[in-house]
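Subject: A structure to look at

Hello,

I am passing on the structure that I have been working through, with some notes for a first look. Please open it alongside this message.

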Amino acid sequence: MGPASGVVRPPGRASSFWGLEAGLQKGAMTPRLLVVEDDETIRETLQEALEQEGFAVCSCANGRDALHTLERSRERSPFALVVLDLMLPGLGGLDVCRALRAASDLTPILVVSARDSETDRVLGLEVGADD
């Protein structure tokens with residue numbers, strides 16, 4: 001049995017990341033991911049790892065920039081996934097989740113955070129995060 005989430009590479013197949021195919025057929029559009037993380041080292045590490053798996057990655061260091069980036073991209077080239085830190089300066093990750101869901105934005109949200117209490121996990125899911 002494989003992992004529940006993460007980068008998976010079945011024998012003879014391209015990588016997949018939460019069901020998104022990274023090794024797409026020639027001419028297919030590469031899934032775009034948005035990484036929202038205020039820690040520069042973590043943000044750059046996530047971006048590099050995801051790009052190595054074949055994803056097109058944009059990144060933001062705060063919640064306001066993330067909402068602006070998502071709104072600008074919604075019609076022309078929407079993101080397939082948002083990787084979101086909860087503890088952001090200014091507009092926090094939970095507020096970003098709430099704002100996206102209030103705008104009927106159904107982009108999947110994967111929360112990454114140093115917060116590890118069950119309460120934080122449940123709260124994240126309640127405001128619209130997917131995992």
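At the start of H1, which backbone nitrogen does a side-chain oxygen of aspartate 39 reach? The backbone nitrogen of threonine 41, to within 3.0 Å.

Before the rest, a word on the source. This is a predicted model, in which local features need pLDDT of at least 70 and side-chain atom pairs count only at pLDDT 80 or more, while totals for chains, interfaces and linings use all residues. Residues are numbered from 1 along each chain as its sequence is written, and side-chain values use heavy atoms, with hydrogens and water left out. Names such as H1 and E4 refer to DSSP runs numbered from the N terminus: helices (H or I, at least four residues) and strands (E, at least two).

Helix H1

H1 covers residues 40-52, and its 13 residues should span 18 Å at 1.5 Å a residue (the expected span is 1.5 Å times one less than the number of residues); the end C-alpha atoms are 18 Å apart, so the two agree. Arg43, Gln47 and Leu50 are the buried residues of H1 (buried is under 20% relative accessible area, exposed over 50%, partly exposed in between, with a 1.4 Å probe and protein chains only). They lie on the same side of H1, because they cover an arc of only 70° around the axis (the arc is taken from the directions from the helix axis to the C-beta atoms). Thr41 and Gln52 are exposed on the face turned away from that buried side. Just after H1, glycine 54 has a positive phi of about 100°.

Glutamine 47 deserves a look: its relative accessible area is 19%, so it counts as buried. Its side chain makes a polar contact of 3.0 Å with the side chain of serine 59 (a polar contact is a pair of N or O atoms within 3.5 Å; within protein, one must be able to donate a hydrogen and the other to accept it, and residues adjacent in sequence count only if both atoms are side-chain atoms).

Strand E6 and its partners

In E6 (81-85), 5 of its 5 residues are buried. Leu81, Val83 and Asp85 point one way, and Val82 and Leu84 the other. In a regular strand the side chains alternate between the two faces of the sheet. E6 pairs in the parallel sense with E4 over 4 bridges, and with E7 (residues 109-112), also parallel, over 4 bridges (strands pair if DSSP finds at least two bridges between them). Valine 35 stands opposite valine 83, and valine 82 has isoleucine 109 of E7 as its bridge partner.

The cores and helix H2

The largest nonpolar core (buried Ala, Val, Leu, Ile, Met, Phe, Trp, Tyr and Cys residues joined through side-chain atoms within 4.5 Å) has 18 residues, and among those touching the most other members are Leu34, Leu70, Val82 and Ile109. E4, H2, E6 and H3 each give two or more residues to this core, with H3 giving the most, 4 residues. A second, separate core of 8 residues includes Val35, Phe55, Val83 and Leu110.

The buried residues of H2 are Gly63, Ala66, Thr69, Leu70 and Ser73. They sit on the same side of H2, because their arc around the axis is only 125°. Arg64 and Glu71 are exposed on the other side. At the N-terminal end of H2, asparagine 62 acts as a cap, with a side-chain oxygen 3.2 Å from the backbone nitrogen of arginine 64.

Happy exploring!
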